[in-house]
Each structure stands twice: as structure tokens, then as C-alpha cells.
Amino acid sequence: MRRRRLPTTRPQPILRGDGVVLRRPEHDDVPSLVALEDDEMARRFGLFGPSTATLLHAAVDQWHRGWDVDRSVANFLSCRGADGAIVGGVELRHQGDGVAQLSWWTFAPYRRRGWAGAAVRLLCHWAFTDLRLARLEALVEPDNVASLGTARAAGFTEEGLLRSKQTIGPRRADLVLLARVAADPAPEDLTAGSSRLSAHGVDEH
Ligand SMILES: CC(C)(COP(=O)(O)OP(=O)(O)OC[C@H]1O[C@@H](n2cnc3c(N)ncnc32)[C@H](O)[C@@H]1OP(=O)(O)O)[C@@H](O)C(=O)NCCC(=O)NCCS
């Protein structure tokens with residue numbers, strides 16, 4: 001059986017870079033999250049509708065367990081560096097053998113301003129440098145142009161279409177497989193004059 005635990009005993013860190021801060025969700029965040037979720041998020045993640053406070057409190061416990069106990073899932077809120085406002089989130093799920101799957105979302109008021117791209121680039125940087133993972137994958141519905149754009153902005157390459165791959169809510173979905181491997185050039189390094197991730201830092205939680 002493949003091991004899914006990450007080889008780390010460290011607390012989930014706070015990651016900083018590119019104007020965005022990634023930190024783990026807390027129970028105090030639940031009222032904000034209830035107010036921010038929208039139908040597009042629910043549709044893309046196969047939920048019946050935006051989450052209730054009860055569901056989100058249970059999810060916070062599960063996210064904490066995912067890192068503190070299982071050592072296989074790191075769920076982060078993406079926050080605006082300037083004032084800490086919650087703009088979205090990212091999640092890393094270790095699949096074993098140095099491979100992880102990523103998910104991302106930006107809450108509606110903050111979309112199309114570069115938040116998802118910045119958050120995913122920062123998550124990738126941490127996954128390759130601190131966790132020393134070899135390969136990061138994302139599965140995106142072919143009609144989700146915003147998410148395909150996010151993947152490309154974070155240096156992912158399309159590897160093919162996985163037909164009828166997953167049930168998402170009421171539909172059986174084809175999914176585009178995208179991946180970025182440790183040897184791929186980081187998109188931030190390809191941006192002339194960019195020092196955005198040189199400001200990257202890792203804090204213990
Ligand atoms: C997908 C999602 C996370 C994008 O978040 P975002 O913060 O608006 O994305 P960004 O502003 O960082 O944009 C990233 C890239 O995608 C492109 N993009 C974003 N939204 C787009 C849209 N609606 N149409 C076309 N391109 C889009 C941007 O132009 C950008 O590319 P660039 O860097 O080359 O300019 C957001 O729309 C969302 O949360 N959707 C619902 C949940 C979801 O689908 N999650 C993914 C499940 S696989």
C-alpha cells in the first residue's frame with residue numbers, strides 16, 4: 001500500500017509572498033467563509049450549494065486533522081497581505097511517492113485580480129522546496145476556463161483529457177490533467193524583473 005503521509009512533523013506553516021499570505025483556516029473564520037462562498041464554487045466542487053456554518057466548522061476540524069494527524073492534506077486560506085482579508089483558498093493533498101494534487105478557489109468579489117495565480121505559485125514553491133515533492137497535479141473541467149488559466153499562470157502544463165473521470169455533483173465529468181514537476185521553470189522566474197517570490201517566507205504556525 002502506498003504511504004500518503006508527508007515526511008514532516010512540523011506545524012502547518014504560514015506562507016508569505018507576492019502580496020498574498022497562506023494560513024490554515026480557524027473556527028473564527030467560519031462566518032466570513034459562509035458569507036463568501038457562492039454557487040460557482042459549489043458547482044465546481046460538486047456541493048449542493050454554498051456551505052453552512054455547521055458544515056464549515058466540521059470542515060475546519062477535518063482540515064486541521066489532515067495536517068496535524070494524517071500529514072497528508074494542507075488546506076490554506078489565501079489572504080490579502082495588506083490587511084488579512086480572506087480572498088480564497090488552496091489545498092494540497094499528498095497522493096504518495098512525492099505526488100500531490102492541488103485545488104484552488106477565489107471568492108467572487110476578488111476574482112480576476114491575480115489572487116489564485118499568486119496563491120498557487122506560492123503553494124507550488126513551498127511544495128517543491130520545503131516538502132521536496134516531485135510532481136504537482138490538478139484536475140480541471142474542460143469548460144472551466146478560469147481554472148485552466150490559473151493552472152497555466154502557475155506553470156502547469158496540460159497532459160491530457162481523462163474521460164468520465166469523476167462525479168462532480170449531478171454530473172459525470174471529463175477532467176483535464178495538468179501537472180508541474182520540480183524541474184519545470186517557475187513562472188515567477190520567467191517574468192522579467194519579478195522579485196515577487198523572493199519575498200517568500202515561511203513561518204511556523
Ligand atoms: C478559477 C478561479 C480560482 C480563478 O481565480 P482568480 O483569482 O480569478 O484567478 P486569477 O485572477 O489569478 O487568474 C489566473 C489566470 O486565469 C485567467 N482567468 C481567470 N479567470 C478567467 C476567466 N473567467 N476567463 C478567462 N481567463 C481567466 C487570468 O487571466 C489569469 O491568467 P494570466 O495570469 O495569464 O492573466 C476562480 O474563478 C474560482 O474560484 N472559480 C470557482 C472555483 C473553481 O472553479 N476552482 C477550481 C476547481 S478545478
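Here is a short tour of the model, stop by stop, for following along in your viewer.

Before you click anything, note that this is a predicted model: local features need pLDDT of at least 70, side-chain atom pairs count only at pLDDT 80 or more, and totals for chains, interfaces and linings use all residues. Residues are numbered from 1 along each chain as its sequence is written.

**Stop 1: the ligand**

Select the ligand and its shell. You should pick up 22 residues, with Thr106, Ala116, Gly117, Ala146 and Gly149 the closest. A residue counts as near here if its C-beta atom, placed from the backbone, lies within 6 Å of the molecule. Now colour by element: helix H2 (39-45), strand S5 (99-106), helix H4 (115-129) and helix H5 (145-153) each give two or more residues to the shell. Helices (H or I, at least four residues) and strands (E, at least two) are DSSP runs, numbered from the N terminus. Which element gives the most to the shell around the ligand? H5 does, with 6 residues. Recolour by class and the shell splits into 9 nonpolar, 8 polar and 5 charged residues. For that split, Ala, Val, Leu, Ile, Met, Phe, Trp, Tyr, Cys and Pro are nonpolar, Asp, Glu, Lys and Arg are charged, and the others, Gly among them, are polar.

**Stop 2: helix H4 and the core**

Next, select H4. Its 15 residues reach 21 Å from first C-alpha to last, close to the 21 Å expected at 1.5 Å a residue (the expected span is 1.5 Å times one less than the number of residues). H4 is mostly covered, with 12 of its 15 residues buried; among them are Trp115, Arg121, Cys124 and Trp126. Buried means 20 or more other C-beta atoms within 10 Å of a residue's own, exposed means 12 or fewer, and partly exposed is in between, with C-beta atoms placed from the backbone.

Then bring up the largest nonpolar core, which has 41 residues; Leu22, Leu102, Ala119, Val120 and Leu123 have the most contacts inside it. H4 gives the most to this core, with 10 residues. (A nonpolar core is a set of buried Ala, Val, Leu, Ile, Met, Phe, Trp, Tyr and Cys residues joined through C-beta atoms within 7 Å.) Centre on Leu22: leaving aside neighbours within four places in sequence, its contacts include Ile14, Phe76, Val90, Ala119 and Leu123. Contact means C-beta atoms, placed from the backbone, within 7 Å.

**Stop 3: helix H3**

Jump to H3, residues 53-68. Its 16 residues should span 22 Å, and its end C-alpha atoms are indeed 22 Å apart. Leu56, Trp63, Gly66 and Trp67 are the buried ones. Look down the axis: these buried residues fall within an arc of 80°, so they line one face of the helix (the arc is that of the directions from the helix axis to the C-beta atoms). That buried side packs against helix H1 (30-36) and strand S3 (73-80). Flip to the face turned away and you'll find exposed Thr54, Ala58, Asp61, Gln62 and Asp68.

**Stop 4: three loop arginines**

Arg71 is in the loop between H3 and S3. Its phi is near 55°, a positive value in a residue other than glycine, and Arg71 is partly exposed, with 18 other C-beta atoms within 10 Å.

Move on to Arg132, in the loop between H4 and strand S6 (135-140). Phi of Arg132 is near 60°, again positive in a non-glycine residue. Buried or exposed? Arg132 is exposed, with 12 other C-beta atoms within 10 Å.

Finish at Arg112, in the loop between S5 and H4. Arg112 is exposed, with 9 other C-beta atoms within 10 Å.

Note on methods. Contact = placed C-beta atoms within 7 Å.
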